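Please find below a colleague's note on the structure shown here. It is set out as numbered points, each of which may be checked against the coordinates.

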Amino acid sequence: MKENRDFDFIKSKFDEENITAPQDLNESTVRNMIEGKRQNRIGFYQTKRFKTLLSTAACIAAVVTVFAAANSQIFNDIIGDALPQAQVLNSFNDIGELKSMVADIEENPYYNEGEMGGNAAGEMFIKSPVEGATSYDKSDYAATNKQVDAVDEADILKNDGRYIYVVGHENNSCVKIYKPNGSEPELVSIVDETSFTGYTEEALQSDGTYVSNETIVDLYVYNDILVINTIKTLQNAEHYDYYSIAHIYDISDIKSPKEINSFSQSGELLTSRLIDNRLYIVSKVWLSGRECKTNADYIPYTGNAVDNRKEQVSLNSIYHGSNPGFPIYLMICAIDIETGEKIAEPKAVFGASCDIYCNENNMYIAMTALYAKDAATDKPVDTKLEIVKLSLGKKSIRIAAKGCIAGLTSNQFSMDEKDGNLRIATTSYDINGRETNNLFVLDKKLKQIGEITGFAENESIRAVRFIDDTAYVVTYKQTDPLFVIDLKNPKEPQIKGEVKISGFSNMLVPADNHMLLGIGQSDDENSGLKLVLFDISDKEHPRVADSYVISDAYSEAQYNHLALAANYSEGYFAIPLGIIDDVAKTGAITIQVKNGKIEISNQFMIESQQQITRCTYVDNVLYATDYYGDIFHLELK
């Protein structure tokens, strides 16, 4: 019965996409076409009826072929994992091959078990709404700052306009839910970790050696569903095991959230994305040959955290690059948060340890290939980055393409896709440890079609901002410039202009059509939080319009794009603020850009024993939250 329903679904999708399916299209015909089977020979006369049938069969083949070629994403959504996986990456033939690869990496004299790979962790950058995206401009509450508008990112604070949901770490990890009420917020309910299925603060396992702990990482809110992402740690005398768990709550009764489903997978939560009701969880699984006692220990798994059901990932769904640098799985699973069930066969990429970029249709994994180090400088030599493209269908995750370029990315914002092309900025190193920077353009198959290499020698990339056909790249070490790179012709990118600054920016935010606001760090005697306003109206001659330094200050927004709340309708940005003085102080500021100048329109110092971590607003009423998840109303001038 299920197969019949699946075929009905396929036929309905043809109708939804306004593609006329042949009348004789049926389940056995499509299944035989997919599986490459031949029909049994039968005797026949070449009658008019036979010719019609023959023509219909040809139409079916033509429809499927044209449909797949012209509408590959739709076809992927409809057929899902029914089609065989293209051999883009190598998969493992048997467990022995996997074990040998782990051993080879660990025996490499340049492998350092404590080294995580080529990321400059924490150097973040925001991609704000593009022109024409009015949902943010007209909203009356602060949505999460995301790299891609249609792809939600998890955070420790979520705001849906009705309630504010905050992760707190007082005593046990918890989620506090507040009703804004126009000024002083009301705490309406708390979800604490003791309510998670199977959680105990200190639980011995059946072998008497393990201790369990579970910590909230971040969360999502989707309609009347709250998703709490956690990491569960199992520890014994030899090592730690990590598991990523998504706890799914029904919050239709906001005063009494009820856990309705949960999903777990191997590894420490690295990142996640939510596209409509589809949650993509990416975890990182470290392998150690000396700690794997059985063959099963080498294979990651998914499961249901409620009843501890486990299901190993099939070996032919574990892929590897040409020269893996680390014994790490990057594991990608997709679940329907409305049902708690997997919606696609999970995939694992062995050797991946770098950055993730994700839009509505594709996820890109940038993973460092194994490299040597120069003994004199201890710098990487001939660094290479392998890029893996995953196609995200509504019913499947498919390895779509791979490519290889020079250098390392600084974070997820080093990548961006436009018109099917991936634009990616990297920093590379030569045998002498000399740093140079690059920008590559790769086509749909991740074949390189354009490049700029070797700019900003002896500097490394700190921030990248892609706006339509222009890339803005900030590097840092000596002259600290902002580069403006024209990408209108993807085959011939060009550096149009540059401007030098002191200090550096880790985050770039469009202030208006002609201004970029940089948030970063000062490197002069007044070291602290630095704001820079770039005038980009003339791409060939960008200039620094204004700068502002708050001495002895810092903000999480310097390294985390999620820490910025942008109120475009009222014309201000809000970020947390910390002051390093005789007594540490915490608070928040609002930033406005007026007449080409930076203005700190509000500065709040908050009486809290914990650091302020986020700002948000509802109906232009500003709030700040601290590490404990407590919330404060801030009176705007």
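The points below treat the basis of the model, the strands, the cysteines, the aromatic rings and the charged pairs in turn.

1. Basis of the note. This is a predicted model, in which local features need pLDDT of at least 70 and side-chain atom pairs count only at pLDDT 80 or more, while totals for chains, interfaces and linings use all residues. Residues are numbered from 1 along each chain as its sequence is written, and side-chain values use heavy atoms, with hydrogens and water left out.

2. The hairpin of β22 and β23. Strands here are DSSP runs of E of at least two residues, numbered from the N terminus, and two strands pair if DSSP finds at least two bridges between them. Strand β22 (residues 384–392) pairs with strand β23 (residues 397–406) in the antiparallel sense, over nine bridges. The two form a hairpin, with four residues between them. As a point of reference within this hairpin, Glu-386 has Cys-404 of β23 as its bridge partner.

3. The four-stranded sheet. An open sheet is formed by four strands in the order β28-β29-β30-β31, with antiparallel pairing. β28 (460–467) and β31 (494–500) stand at the edges with a single partner strand each, so one side of each has no neighbour in the sheet. From one strand to the next the twist averages 20° (axes are lines fitted to C-alpha atoms, and angles run from 0 to 180 degrees between N-to-C directions). Within this sheet, β29 (residues 470–476) and β30 (residues 481–486) run antiparallel and are joined by five bridges; Ala-471 has Ile-485 of β30 as its bridge partner.

4. Cysteines. How many disulfides does a search of the whole structure find? The search finds zero, a disulfide being a pair of cysteine sulfur atoms within 2.5 Å. Cys-174 is buried, at a relative accessible area of 6%, and Cys-292 is also buried, at 13%. In this note buried means under 20% relative accessible area, exposed means over 50%, and partly exposed lies in between (1.4 Å probe, protein chains only).

5. Aromatic pairs. The structure holds nine aromatic pairs. Rings of Phe, Tyr and Trp (its six-membered ring) pair if their centres lie within 6.5 Å; planes under 30 degrees apart count as stacked, over 60 as edge-to-face and the rest as tilted. The pair of Tyr-357 and Tyr-364 is tilted, because the ring planes stand at 35°, with the centres 6.0 Å apart. Tyr-357 is buried at 2% relative accessibility, and Tyr-364 is buried at 0%. The pair of Tyr-568 and Phe-573 is edge-to-face, because the planes stand at 85°, with the centres 5.9 Å apart. Here Tyr-568 is partly exposed at 25% relative accessibility, whereas Phe-573 is buried at 6%. In addition, ring pairs link Phe-92, Tyr-329 and Phe-350 into a cluster.

6. A charge over a ring. Arg-462 has its charged end over the ring of Phe-504, 4.6 Å from the ring centre. The criterion is that NZ of Lys or CZ of Arg is within 6 Å of the ring centre and within 35 degrees of the ring normal.

7. Salt bridges. The structure holds 16 salt bridges, each defined as a side-chain nitrogen of Lys or Arg within 4 Å of a carboxyl oxygen of Asp or Glu. One of them joins the side chains of Lys-342 and Glu-311 (3.4 Å, N to O). Lys-342 lies in strand β16 (residues 341–342) and Glu-311 in strand β13 (residues 309–312), so this pair ties together parts that are 31 residues apart in sequence. Lys-342 is partly exposed, at 29% relative accessible area, and so is Glu-311, at 44%.

8. Further charged pairs. Asp-419 and Lys-418 meet through their side chains in a salt bridge (3.1 Å, N to O); Asp-419 is exposed at 63% relative accessible area, whereas Lys-418 is partly exposed at 25%. Arg-434 forms a salt bridge with Glu-457, with the closest N and O atoms 3.5 Å apart. Arg-434 lies in the loop between β25 (421–429) and β26 (435–442), and Glu-457 in the loop between β27 (448–455) and β28, so the pair ties together parts that are 23 residues apart in sequence. Arg-434 is partly exposed at 32%, and Glu-457 is partly exposed at 43%. Finally, Asp-155, Glu-556 and Arg-614 are joined into one network by salt bridges that share partners.
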